[in-house]
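Colleague: I've got this model open on my screen and would like a close look at a single part of it. Could you walk me through that part and then set it in its surroundings?

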Amino acid sequence: MPDFHLFTNGPRPVAPFSHAVEADGWVILTGQMPTDPDAPDAPLPEGIEAQTRRVMDNLALVLGEMGLDLSHVVQCRAYLTQFERDYGAFNATYQAYFPEDRRPARTTIGVTALAVGALVEVDCVARRP
């Protein structure tokens, strides 16, 4: 049976979902928005770099609640509302979260809009050791 996780210390969900679902050692994290877990009603950070950092920090926070970290991530999907404009800056910021020889598989998708007016959202799959 899968375990459904919703953490009080995690980012406030912007829709009806769990922060993560775990089954057989696989951990699927819901896409994170660039919202501040300590001030969920605060304005979003300005710009793709700041929003990417907040999204990645939120993913790390959820993983941490499960006793994991970004080194356990095997796959990410990224969604950008301004793909052509933001792709390079997103990559430059994203890559700092993973060692060059341990980057997860990734797909990046251009979308027309994201919840809360975000420029970026990232979800991921992690594996327990």
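Which residue does Arg-128 form a salt bridge with, and how far apart are the closest N and O atoms?

Modeller: Happy to, and keep in mind throughout that this is a predicted model. The partner of Arg-128 is Glu-22, and the closest N and O atoms of that salt bridge are 2.6 Å apart. Now look at where the two ends sit: Glu-22 belongs to strand β2 (residues 20-23), while Arg-128 lies in the segment after β6 (120-127), so the bridge ties together parts of the chain that are 106 residues apart in sequence. The two partners also differ in how much of them you can see from outside. Glu-22 counts as buried, because its relative accessibility is 11% and the cut-off for buried is under 20%. Arg-128, on the other hand, has a relative accessible area of 29%, which makes it partly exposed.

That bridge has company, since a search of the whole structure turns up four of them. Another one pairs Arg-77 with Asp-123, with 3.2 Å between the closest N and O atoms. Here too distant parts of the chain are linked: Arg-77 is in strand β4 (residues 73-80) and Asp-123 is in strand β6, 46 residues apart. As for exposure, Arg-77 is partly exposed at 34% relative accessibility, whereas Asp-123 is buried, with a relative accessible area of 9%.

Then there's the bridge between the side chains of Arg-85 and Asp-86, at 2.8 Å from N to O. Arg-85 is exposed, with a relative accessible area of 54%, but Asp-86 is buried at just 4%. As for charges overall, the protein has 10 positive and 17 negative side chains, and the centres of the two sets lie 3 Å apart.

Now step back to the fold around these pairs. You'll find two helices and six strands, and reading along the sequence gives the pattern β-β-β-α-β-α-β-β. The radius of gyration is 14 Å, close to the 14 Å that the globule rule gives for 129 residues, so the protein is as compact as a globular protein of that length. The C-alpha trace spans about 40 × 35 × 25 Å along its principal axes. Of the 129 residues, 42% are buried. If you take contacts with a separation of 6 or more, 69% of them come from residues 24 or more positions apart. The accessible surface comes to about 6900 Å², and carbon and sulfur atoms hold 51% of that.

Two loops are worth a click while you're there. Ser-18 is in the loop between β1 (3-5) and β2, the strand that holds Glu-22. Leaving aside neighbours within four places in sequence, Ser-18 is in contact with Phe-4, His-5, Leu-6 and Thr-30. From Ser-18 to Asp-3 it is 15 residues along the sequence and 9.8 Å in space, C-alpha to C-alpha. Pro-43 sits in the loop between β3 (26-32) and α1 (48-65), and is exposed, with a relative accessible area of 76%. The C-alpha atoms of Pro-43 and Val-116 are 9.6 Å apart, though 73 residues separate the two along the chain.

How values were computed: Residues numbered from 1 in each chain as written. Predicted model: local features only at pLDDT ≥ 70, side-chain atom pairs only at ≥ 80, totals over all residues. Heavy atoms only, no water. Helix = DSSP H or I, 4+ residues; strand = E, 2+ residues; numbered from the N terminus. Rg over C-alpha atoms; globule rule 2.2 N^0.38 Å. Buried < 20%, exposed > 50% of the residue type's maximum accessible area, 1.4 Å probe, protein only. Contact = heavy atoms within 4.5 Å. Areas by Shrake-Rupley, 256 points an atom, 1.4 Å probe, with all protein chains shown as cover. Lys, Arg positive; Asp, Glu negative; His and termini not counted. Charge placed at Lys NZ, Arg CZ, Asp CG, Glu CD. Salt bridge = Lys/Arg side-chain N within 4 Å of Asp/Glu carboxyl O.
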